[in-house]
Amino acid sequence: MTAMFKWIAILASVNTVICGPTTGKFWHVTDFHYDQFYGDGSYPMSSCRKIGQPDVLGDYACDSPWSLINASVYAMKEIEPNPDFIIWTGDDTPHVPDAILSQSSVLSTITNITELLMDAFPETKFIPVFGNHDYHPKHQFPPNPTDFYSNVTDLWKPWLDKFPNATELFRESKFCLPTMTTYLMQTISLISQTSHVSI
């Protein structure tokens, strides 16, 4: 614990000189929880815990239908079409039992949302991060490289390639250190369920 306080003291004493813009615009998107069976059934197949037909653009008792996700992303584009970057912190699959999902269905959900975001913001830098619902079974990210990690890395490669070494770092360890040089900012993306730092 003492080592951690030393690092905090060192970081607090570093002077930062900003060369360039001091303000910018970004989006942070998270927790889409796309329910592909929205409106077609009830729990456990669908996340809906409501009797009757849920609303087309979403319902408080359900996870998100595609219509809500699509409308939200394109509303973002209408409000701010040229953000400096977008942080996407995952949690894309619905709150249903693990038995309803599979590696394939989780990858399909991540693929659909990735393609939507790429279509809406084709030139924007993205910092994508897995959420605890972005692996099957949920909350069970293995600590070593897997085919699933490799597939998602390939999917996110157009984004990761915009940052030095991020693609291979993400493929091997599920985290990356993208640097936004315009703003002298560095972000660290990691899955805390499998990553820890010994101090």
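In this predicted model, K138 and D98 meet through their side chains in a salt bridge, 3.1 Å from N to O. K138 sits in the loop between β3 (125–128) and α4 (147–160), while D98 belongs to the loop between β2 and α3, so the contact ties together parts 40 residues apart in sequence. The two ends see the surface quite differently: K138 has a relative accessible area of 10%, so it is buried, and D98, at 28%, is partly exposed.

That pair is part of a count of five salt bridges. Another one joins E80 to K25, with the closest N and O atoms 3.2 Å apart. Here the partners are 55 residues apart: E80 is in the loop between α2 and β2, and K25 is in the loop between α1 (2–12) and β1. This time the acid is the buried end, with E80 at 16% relative accessibility, whereas K25 is partly exposed at 48%.

Then there's R171 with D154, a side-chain salt bridge of 2.9 Å, N to O. It runs from helix to helix, with R171 in α5 (residues 166–173) and D154 in α4, 17 residues apart. R171 counts as buried at 14% relative accessibility, and D154 is partly exposed at 42%. There's a bit more going on around this pair, as D154, E168 and R171 are linked in a network of salt bridges.

Here are these three pairs together:

| Salt bridge | N to O distance | Separation in sequence |
|---|---|---|
| K138 and D98 | 3.1 Å | 40 residues |
| E80 and K25 | 3.2 Å | 55 residues |
| R171 and D154 | 2.9 Å | 17 residues |

On to the covalent link. The model has one disulfide, and it joins C48 to C62 with an S to S distance of 2.2 Å. Both cysteines lie in the loop between β1 (26–29) and α2 (66–79), 14 residues apart. As for handedness, the torsion about the S-S bond is about 120°, so this disulfide is right-handed. C48 and C62 are both buried.

Finally, a look at the outside. F37, M45 and I100 form a nonpolar patch on the surface, and together they have about 220 Å² of accessible area. I100 comes from the loop between β2 (85–88) and α3 (103–120), which is also the loop that holds D98. With a relative accessible area of 31%, I100 is partly exposed. Why does that value let I100 into a patch? Patch residues need over 30% relative accessible area, so I100 at 31% passes that cut-off.

Key. Residues numbered from 1 in each chain as written. Predicted model: local features only at pLDDT ≥ 70, side-chain atom pairs only at ≥ 80, totals over all residues. Heavy atoms only, no water. Patch = residues over 30% accessible without salt bridge, like charges linked within 9 Å, V, L, I, M, F, W, Y side chains within 5 Å. Areas by Shrake-Rupley, 256 points an atom, 1.4 Å probe, with all protein chains shown as cover. Salt bridge = Lys/Arg side-chain N within 4 Å of Asp/Glu carboxyl O. Helix = DSSP H or I, 4+ residues; strand = E, 2+ residues; numbered from the N terminus. Buried < 20%, exposed > 50% of the residue type's maximum accessible area, 1.4 Å probe, protein only. Disulfide = S-S within 2.5 Å.
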